[in-house]
Amino acid sequence: MSRDKAELMQIADKFQFEGEKEQIEPHGSGHINDTFLLTCRLGLQKKRYILQRMNHNVFKDPKGLMENVVGVTTFLQKKIRENGGNPEREALTVVPTKSGESYCVLEDGTYWRMYFFIEDTTSFDAVENQNDFYESAVAFGHFQKLLEEYPASSLHETIPDFHNTIDRLARFKAAVEKDALGRAKEVQEEIQFVLDRSDDCHVLCDMLESGELPLRVTHNDTKLNNIMIDNATGKGLCVIDLDTVMPGSALYDYGDSIRFGANTGAEDEKDLSKISCDLELFALYTKGFIEGCEGSLTEKEIMMLPMGAKLMTLECGIRFLTDYLEGDVYFKIHRPEHNLDRCRTQFRMVKDMEDKWEQMQDTVKQYA
Ligand code: ADP
Ligand code: GN1
Ligand code: MG
């Protein structure tokens, strides 16, 4: 539902921001939440905030989600303070509502929250500079390391089975079976691509189940645009989009970053000849992530990194294709067949990783 500025300003008024509201406009390019940038005047200065409508269709328990966000940001800010950092720039800060809650629900049933806007940083939708990708790896690894002692059992599972690839496969098969919009006939090749890799879908889940891979507190959505890079230093300053912080595998975080950032093309590129796995970026991210984790990864986790990259890419492609078959009800789309285009880039990337498998494994061994 699109809202006019006056309505957005009224929603903003429910929160404890500082200064006089001046301007509000849409911001960012996430696929899930509706994000707005609020500018306020405070004397001669400006102060900016992020106002976000949480996606209640995707996150069925916004209250639990915000408990996670408050818990995790409070924990991170304490650690950052202890390490001599700046807690308001290196972690998200939740701005409470005037009644002291972390979010508000409007009469129309929509859920809203506010954060400090992190100034003088950039979130990139594509790798423009190799160093940014390397620094994002260090920061995502470090994020996981910082949360090593977070009480995982206190976390709500904001999206159950989020990276349960076996479950994603089952839901995909059900969507093919149901074929609600009669689209399955157009995408037989893509459907077959998934079915040919059904066994792969089990690999990480089985290893977590058997205890071969440890369960950790992870971010689970480590796209490059979910990290703010400091404009002055080029370092990965702040990990954002904490909606999916849940118990998971380190391989999810590593893999999802490779899926998005090591791709030579955009996630929704129509020209598939532009899609491939850039081995140089793959190596840089691998090096950065292992460094950022500061020795916490097990030998097995490190050995399985290429599989993490492949499976997160395959899983994301399966999710885009499932959404296409179900009528584009989950991811925001900006054109017809957007989800199909996204699915095709993911599958092309998977195929390219399969062709480069030995080189990927050799790279990982080099940094292990
Ligand atoms: P989505 O779940 O839709 O991806 P995000 O929380 O990632 O939503 O926000 C979308 C975009 O808004 C981000 O990619 C980033 O560019 C920007 N953004 C979000 N929070 C902040 C913040 N606190 N400071 C600066 N930019 C932000
Ligand atoms: C979504 O919220 P955003 O745009 O950072 C999605 C991820 C997908 C990604 C694909 C909660 O991420 O899982 O990998 O799109 N987030 C959720 O671009 O489903
Ligand atoms: Mg995001």
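Two residues are said to be in contact here when heavy atoms of theirs lie within 4.5 Å. With that in hand, lysine 356 makes a handy starting point in this predicted model. Setting aside neighbours within four places in sequence, lysine 356 is in contact with Ser276, Cys277 and Leu279. One of these partners also shows up in a polar pairing: a polar atom of the lysine 356 side chain sits 2.8 Å from the backbone oxygen of cysteine 277. As for its place in the fold, lysine 356 is in the loop between helix 12 (338-355) and helix 13 (357-367). Its relative accessibility comes out at 18%, and buried means under 20%, so lysine 356 counts as buried.

Now for the overall layout. The domain assignment splits the protein into domain 1 (5-119) and domain 2 (130-367). Between their C-alpha centres there are 26 Å. The two domains do meet, with 28 residues of domain 1 in contact with 29 residues of domain 2. What lies between them? The largest nonpolar core does, because both domain 1 and domain 2 give residues to this core. It holds 97 residues, and Leu147 and Leu321 are the ones that touch the most other members. Helix 11 (residues 305-326) is the biggest giver, putting in twelve residues. Leucine 147 itself touches Val72, Phe75, Leu76, Val217 and Val245, once residues up to four places away in sequence are left out. Another core, of 17 residues, lies apart from the largest one, and Ala12, Ile24, Tyr49 and Leu106 are among its members.

The metal site comes next. A magnesium ion (ligand 3) is coordinated by Asn226, through OD1, and by Asp241, through OD, at 2.1 to 2.2 Å. Asparagine 226 belongs to the loop between strand 8 (216-218) and strand 9 (227-230), while aspartate 241 belongs to the loop between strand 10 (236-239) and strand 11 (246-248), so the pair ties together parts that are 15 residues apart in sequence. The two residues can also be described by how much of each is accessible. Asparagine 226, at 4% relative accessibility, counts as buried. Aspartate 241, at 24%, counts as partly exposed.

Aspartate 241 turns up again at the other ligands. A polar atom of its side chain lies 2.9 Å from an oxygen atom of ligand 1. For ligand 2, a polar side-chain atom of aspartate 241 is 3.0 Å from an oxygen atom. Histidine 219 also points at this residue, with its side chain reaching the backbone oxygen of aspartate 241 at 3.0 Å. Histidine 219 is placed in the loop between strand 8 and strand 9, and with a relative accessible area of 0% it is buried. Not counting residues up to four places away in sequence, histidine 219 touches a good list of partners, including Phe143, Asn226, Val239, Asp241 and Asp253.

What surrounds ligand 1? There are 19 residues around it, and the closest are Asn33, Gln52, Ile118, Ser123 and Asn225. Serine 123 brings a polar side-chain atom to 2.6 Å from an oxygen atom of ligand 1. Phenylalanine 116 joins in through its backbone, where a polar atom is 3.0 Å from a nitrogen atom of the ligand.

Ligand 2 has 18 residues around it, of which His31, Lys223, Glu267, Arg319 and Tyr330 come nearest. Lysine 223 places a polar side-chain atom 2.8 Å from an oxygen atom of ligand 2. Aspartate 221 does likewise with a polar side-chain atom, at 3.1 Å from an oxygen atom of this ligand.

One last residue is worth a look. Histidine 56 is found in the loop between strand 3 (45-54) and helix 2 (62-82). Is it buried or partly exposed? With 32% relative accessibility, histidine 56 counts as partly exposed. Leaving out residues up to four places away in sequence, histidine 56 touches Pro62, Gly109 and Tyr111. Histidine 56 and tryptophan 112 are 56 residues apart in sequence, yet their C-alpha atoms are 9.9 Å apart in space.

Notes
Residues are numbered from 1 along each chain as its sequence is written. Chains are lettered from A and ligands numbered from 1 in the order in which they are written. This is a predicted model: local features need pLDDT of at least 70, side-chain atom pairs count only at pLDDT 80 or more; totals for chains, interfaces and linings use all residues. Side-chain values use heavy atoms; hydrogens and water are left out. Donors are N, O and S atoms within 2.8 Å of the metal (3.2 Å for Na, K and Ca); water is not among the atoms, so sites may look incomplete. Helices (H or I, at least four residues) and strands (E, at least two) are DSSP runs, numbered from the N terminus. Buried means under 20% relative accessible area, exposed over 50%, partly exposed in between (1.4 Å probe, protein chains only). A nonpolar core is a set of buried Ala, Val, Leu, Ile, Met, Phe, Trp, Tyr and Cys residues joined through side-chain atoms within 4.5 Å. Domain bounds come from an automatic or database domain assignment. A residue is near a molecule or strand if one of its heavy atoms lies within 4 Å of it. A polar contact is a pair of N or O atoms within 3.5 Å; within protein, one must be able to donate a hydrogen and the other to accept it, and residues adjacent in sequence count only if both atoms are side-chain atoms.
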